[in-house]
Amino acid sequence: MSKEIQVLFLDDEESIIDGVQRLFMREAFGILATTSPDKAREALAKEKIKVVVSDQRMPEIAGVKFLREVKEKYPDVVKILFTGYTDFSAAEEAINIGEVYRFISKPWKTAELLSTIRQSIEHYDLVTRDKAHKEELELANKRLKAMYEMQKEFTSTVSHELRTPLASIKTAIDLVIKKMVGEINPEQEEILGRARNNVDRLKRLIDDILDLTKMESGKLQMNFMTDDIHRVIQEVAEAQKDVAHSRGLYLKTELDNQISKIPFDSDRIIQVLNNLLGNAIKFTKQGGITVKTQNKPAENHIVVSVHDTGKGITEADLSKLFHKFQQIESPEKNEEGGTGLGLAICKEIVTMHGGKIWVESKPGEGSAFNFILPIQERRIPV
Ligand SMILES: Nc1ncnc2c1ncn2[C@@H]1O[C@H](COP(=O)(O)OP(=O)(O)OP(=O)(O)O)[C@@H](O)[C@H]1O
Ligand SMILES: [Mg+2]
């Protein structure tokens, strides 16, 4: 069986050609040894050459020049220069500028020549394999990115399309419940009431998904205005007080009013506070919730924290929280409802303000969800 030619030798001396041919006879790879540069070029075009060894001093072309030609056409091929003592400086320069991988001085030592060639083949295999892996990875990455973009586009379009019919269902239910199209009995009213609650839930979910996809693809602009953050916190706390009280929980604020006016998007920060307070109320059975702020002018930010005396979160679960659709209880067991988008949205919003959000918690004792907002603008450009 003929061996695959992997190594090419170019030398103008026939005796050298004969010598290397004999030397490599027993190797697993085939070699082609020639005195003709044209034959060498032909072989490079036809065979899967991994290593080229060229003599430096030849009548038709200098070795360094021939190897440069090889480099341009076949950049991965490993190039070795055969040199006599007098050509040493040419070889050194070629190595320094990366034209050749090694040089072998003549007369060669058999063992050294064999091992250099074997190493060079290994070198070629390694480099090309790495390159192929990298290309494969890049391609897979590109495909994934395209799929992700498509999925985002799809989610956003579908969510949009769902909103209109949902709004019309809600209007229809409202008309009937409000008895604007005739009398209904209490049982019918109750059934429709449940339907309306579910429509509201679905609407919230669609709004959340749309918000997140927009934020993730940078399509949601924040509307920053310098405003009183403490007034906004008070308003949200006030609005949630009834829910907390109805569950037997207290809800209080401890605000550090020293600095109040900071730039933020009030609708979005209200969304963050509503989710953090909503979560705190949902996951607390006894005690209550305290919203605190701390001014840190030296660090150019204020810290807002929502403390609860609820069930807390284990160390292992902490890292999951800010990812989409992550809930600690499985949806079937989670009696509190929700979809696990709230904290992912909070994180996007706070990040777009140039802040960060984190949680500290002790199972059985409670949790504190904290976020910081810059006092002076330091936002991530959208
Ligand atoms: N204060 C808290 N105490 C204990 N666990 C919490 C608290 N806040 C959040 N969690 C856990 O983190 C999960 C994710 O919260 P997140 O606000 O993202 O989703 P959700 O409240 O379940 O649903 P959504 O906010 O989308 O309506 C919750 O399901 C809960 O398991
Ligand atoms: Mg939530």
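This briefing walks through selected features of the structure above, topic by topic. The model is a predicted one. Among its features are a magnesium ion (ligand 2) whose protein donors are Asn-275 and Asn-279, an open sheet of five strands, and a count of 22 salt bridges.

**The magnesium ion**

- The magnesium ion (ligand 2) has Asn-275 and Asn-279 as its protein donors, and in each case the donor atom is OD1, lying 2.2 Å from the ion.
- Asn-275 and Asn-279 belong to helix α8, which spans residues 266–282, and because they are four residues apart in this helix, about one helical turn separates them.
- Both Asn-275 and Asn-279 are buried.

**The five-stranded sheet**

- Five strands make up an open sheet in which the pairing is mixed, and their order is β7-β9-β10-β12-β11.
- The edges of this sheet are formed by β7 (250–254) and β11 (356–362), each of which pairs on one side only.
- On average, and with direction ignored, neighbouring strands of this sheet are turned by 15° against each other.
- Strand β11 runs antiparallel to strand β12 (residues 366–374), and the two are joined by seven bridges.
- Within this part of the sheet, Lys-356 stands opposite Ile-372, a residue of β12.

**Salt bridges**

- Side chains of opposite charge can pair when their charged atoms come close.
- In this model the count of salt bridges comes to 22, and the points below describe some of the residues involved.
- In helix α6, Glu-190 and Arg-194 lie four residues apart, which is about one turn of the helix, and their side chains meet in a salt bridge with an N to O distance of 3.1 Å.
- Glu-190 is partly exposed, since its relative accessible area is 48%, and Arg-194 likewise counts as partly exposed, at 48% relative accessibility.
- The side chains of Asp-207 and Lys-203 also meet in a salt bridge, here with an N to O distance of 2.9 Å.
- Asp-207 and Lys-203 are about one helical turn from each other, because they are four residues apart in helix α6.
- Asp-207 is buried, because its relative accessible area of 17% falls under the 20% limit for that class, whereas Lys-203 is partly exposed, with a relative accessible area of 39%.
- Asp-227 forms a salt bridge with Arg-231, in which the closest N and O atoms are 3.1 Å apart.
- Asp-227 is partly exposed, with a relative accessible area of 23%, and Arg-231 is partly exposed as well, with a value of 37%.
- Elsewhere, Asp-11, Asp-55 and Lys-106 are joined into one network by salt bridges that share partners.

**Backbone details in the loops**

- Lys-106, a member of that network, is joined to Pro-107 by a cis peptide bond, with an omega of about -5°.
- Pro-107 has its place in the loop between β5 (102–105) and α5.
- Lys-179 is not a glycine, and yet this residue has a positive phi of about 60°.
- The loop that holds Lys-179 lies between α5 and α6 (186–216), and Lys-179 counts as partly exposed, because its relative accessibility is 35%.
- Asn-300 is not a glycine either, although this residue has a positive phi of about 60°.
- Asn-300 is placed in the loop between β9 (288–296) and β10 (301–308), and Asn-300 is buried, since its relative accessible area is 19%.

**A nonpolar patch on the surface**

- Phe-154, Val-158 and Leu-162 form a nonpolar patch on the surface, and together these residues have about 280 Å² of accessible area.
- Of the patch residues, Phe-154 is found in helix α5, which covers residues 110–177.
- Phe-154 counts as exposed because its relative accessibility of 57% is over the 50% limit for that class.

Notes
Residues numbered from 1 in each chain as written. Chains lettered and ligands numbered in written order. Predicted model: local features only at pLDDT ≥ 70, side-chain atom pairs only at ≥ 80, totals over all residues. Heavy atoms only, no water. Patch = residues over 30% accessible without salt bridge, like charges linked within 9 Å, V, L, I, M, F, W, Y side chains within 5 Å. Areas by Shrake-Rupley, 256 points an atom, 1.4 Å probe, with all protein chains shown as cover. Salt bridge = Lys/Arg side-chain N within 4 Å of Asp/Glu carboxyl O. Buried < 20%, exposed > 50% of the residue type's maximum accessible area, 1.4 Å probe, protein only. Donors = N, O, S within 2.8 Å, 3.2 Å for Na, K, Ca; no water. Pairing = 2+ DSSP bridges. Axes fitted to C-alpha atoms, helices over the stretch in contact; angles between N-to-C directions.
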